[in-house]
Amino acid sequence: RHLHRRFALQHGCLPARRVPQPGLLESTIGYRLFRSDVRAARKRQTLSTAQRRFRTHGHTFAGVCLGQYFITTIDGDNVKALLSTRMDDFDSGKIALFGPFIGQSMLTSDGAVWRHARGLVRPHLVRERVVGELLAGGLEGHFGALMRRVLEDGKILGGGVVEVDLKPLFGMLMFDNTMEMLLGVKISSLEDRDSGSRLAKFVHAFESVGGFVNKRAKLGPLLRFYQDTKFERQCKVLHDFVDGVVREAYEKKQREEKKGGEDGSSSSSRNRGFLASILEDTSDLVKIRFEVLGVLLAGRDTAADLMGSLFFVLARRPDVWGKLKEEVDRVLAGANPRHDSLKELTYHRYVIEEALRLYPPAPVLFRAANKTTLLPRGGGPDGRSPVLVPRGTVVSCSTFALQRRRDIYGDDADEFRPERWEAMERLRTRPHWEFLPFSAGPRVCMGQNYAMAETVYVLARMAQEFDAIEPNGGPAEWVEDWNITVGSGAGAKVRLTRRKEE
Ligand code: HEM
């Protein structure tokens, strides 16, 4: 306490506003706050509850939940300190949650280990190269498989109309596409109908991991007393599957190197795909397994949840669908999207950015302070003074609430209006630290260009294939569904009308 007081005095820190927790027991344990969070989660209102709290208590406030002191903020300056200028004072705080699944990999590590992992993965996810490989690779093939599944799984009504829930199909599409990009092998969960196959077991285990991690996240500081053997069993299924592919690629590389050494030619697998590239750098196959699963985790659910939420909304917005069709016909004139034409689909991008703003698949960013530090704002009665952050504090930012701030996005901040992005670009008022679907700073999402390109591609292809999209039941408003990421709780149940052949 003495050290904290001295640190606060030195840096002019004042106390942050506290969420009301009357009584000594509540202000030190925070059980009622935890109960109210659990109730909100049951009603699928975690995100809107957080948004309401910020509207009531201001942009930065503190509290205690299950004995853990936390600070939460949607102040752009604080978010910048957390993710960038003071990032070394914070750990990612994810190893306890994800450790049994992805070990010490890029997503879970910090400091030198994280820097090395990021350097290893980065060359394969940078802009031009990624988009080129994406288009040269199998995305169109996977999209074709998706179209076949729409017709097989959907209810055909005649007249080119089909009713289907697109959300699980987008999950499979993103899985297949990310697996191909990562492992360099064609894997099609969209076409695999055998529920007993190794692939189906892998997909099932991958999907169940989200529920386990979510449960672990809810336990907060109690997690250290918890062991989940079911979770460990599913992790083993995932590890065994990836280990098999990695070992095969490693042995192939060794064979080729030997052959190359004998006849003087270079290895033909060199620099092809993510896995081949990592094998150039390390032969630690366990490390490779964790990096592959980490990127798969980071890339699949986020992109699939984005697509699901997007199509939930588009079914309710024929005006936006009409504009997408108009743009895709004008720019592509019936051809498949190409590297250069993707960039011209600007309205497509605005629509996706608006979905990322209102329904961010990663709606909470959090870090744990590894030493006593500060956030620049939120302290004192006017909230303008720095705030002390004692070592061990969990600091979080609800990007869901941040990206709905009315003082930044206007009075219609809660409405889906893609045109706002065109206006913000024209007026050069595009927010930076207040639009963080991919986070920002040195730990910014490594796959953001890949994710944007793949989403624009799929959206454009859907607009080429379907004349109309309407809701097929479900609520009028989007509801949250928490797994590791957040998607549409009502799925994307739609009635699609095929375009007539010209
Ligand atoms: C719509 C899709 C996506 C969204 C919304 C998204 C969002 C994010 C966010 C918010 C983070 C930061 C998490 C944190 O710091 O706590 C992140 C990190 C990351 N993302 Fe994405 N992501 C998406 C797609 C992808 C894809 C497709 C890939 C790869 C193929 C990918 C790879 C990564 C990696 C490797 C990191 C860790 C970076 C690091 O810790 O240095 N992401 N992503």
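This talk walks through one predicted model, going from its domains to its sheets and then to the ligand.

Let me begin with the overall division of the chain, since the later parts refer back to it. The domain assignment gives domain 1, which is made of residues 1-103 together with 361-402, and domain 2, which is made of residues 104-360 together with 403-498. If you take the centres of the two domains over C-alpha atoms, you find that 29 Å separate them. Where the two domains touch, 35 residues come from domain 1 and 43 residues come from domain 2. On the domain 1 side of that contact, at least two residues each are supplied by α4 (46-57), α5, α6 (95-102) and α18 (399-402). Of these, α6 gives the most, with eight residues. Sorted by class, the domain 1 side holds 21 nonpolar, ten polar and four charged residues.

Next, please look at the sheets, and let me start with the one that has six strands. This is an open sheet with mixed pairing, and its strands follow the order β1-β2-β3-β10-β7-β4. Which strands stand at the edges? They are β1 (17-18) and β4 (90-91), and each has a single partner strand, so one side of each is left without a neighbour in the sheet. For β4, the pairing is with strand β7 (residues 364-369), in the antiparallel sense and over two bridges, and if you want one pair to find on the screen, D91 has A368 of β7 as its bridge partner. Helix α5, which spans residues 76-85, lies across β2 (60-65), β3 (68-73), β4, β7 and β10 (394-398), and this helix runs at about 125° to β10.

As a reminder for those who are new to sheets, strands pair through backbone hydrogen bonds, and they do so either parallel or antiparallel.

With that in mind, we can turn to another open sheet, this one of four strands, which has the order β5-β6-β14-β11 and antiparallel pairing. Its edge strands are β5 and β11 (466-471), each of which pairs on one side only, and the twist from one strand to the next averages 25°. Going along the sheet, strand β5 (residues 155-158) runs antiparallel to strand β6 (residues 161-165), and three bridges join them. One of the partners here is easy to locate, as G158 is bridged to V161 in β6. The hairpin of β5 and β6 has two residues between the strands, and within this hairpin G159 takes a positive phi near 65°. At the other edge, β11 is joined by five bridges to strand β14 (residues 493-498), again in an antiparallel arrangement, and there I469 has L496 in β14 as its bridge partner.

Let me now move to a pair of helices, α14 and α21, before coming to the ligand. The axes of helix α14 (residues 285-314) and helix α21 (residues 448-465) come within 11 Å of each other and cross at roughly 35°, and this crossing is right-handed. On the α14 side the residues that meet the other helix are T302, A303, L306 and M307, while on the α21 side they are A451, E454, T455 and V458. By class, this contact has five nonpolar, two polar and one charged residues.

Finally, what surrounds the ligand? There are 23 residues around it, and the closest are A298, G299, T302, C445 and G447. The elements that give two or more residues to this shell are α14 and α21, the helices whose crossing we have just looked at. The largest share, six residues, comes from α14. T302 is worth finding once more, for this residue is among the closest to the ligand and also takes part in the contact of α14 with α21. By class, the shell has 16 nonpolar, five polar and two charged residues. To return to where we began, the shell draws at least three residues from each of domain 1 and domain 2.

Terms used:
Residues are numbered from 1 along each chain as its sequence is written. This is a predicted model: local features need pLDDT of at least 70, side-chain atom pairs count only at pLDDT 80 or more; totals for chains, interfaces and linings use all residues. Axes are lines fitted to C-alpha atoms, for helices over the stretch in contact, and angles run from 0 to 180 degrees between N-to-C directions. A crossing is left-handed if the near helix is turned anticlockwise from the far one by less than a right angle, and right-handed if clockwise. Two residues are in contact if their C-beta atoms, placed from the backbone, lie within 7 Å. Ala, Val, Leu, Ile, Met, Phe, Trp, Tyr, Cys and Pro count as nonpolar, Asp, Glu, Lys and Arg as charged, and the others, Gly among them, as polar. A residue is near a molecule or strand if its C-beta atom, placed from the backbone, lies within 6 Å of it. Domain bounds come from an automatic or database domain assignment. Two strands pair if DSSP finds at least two bridges between them.
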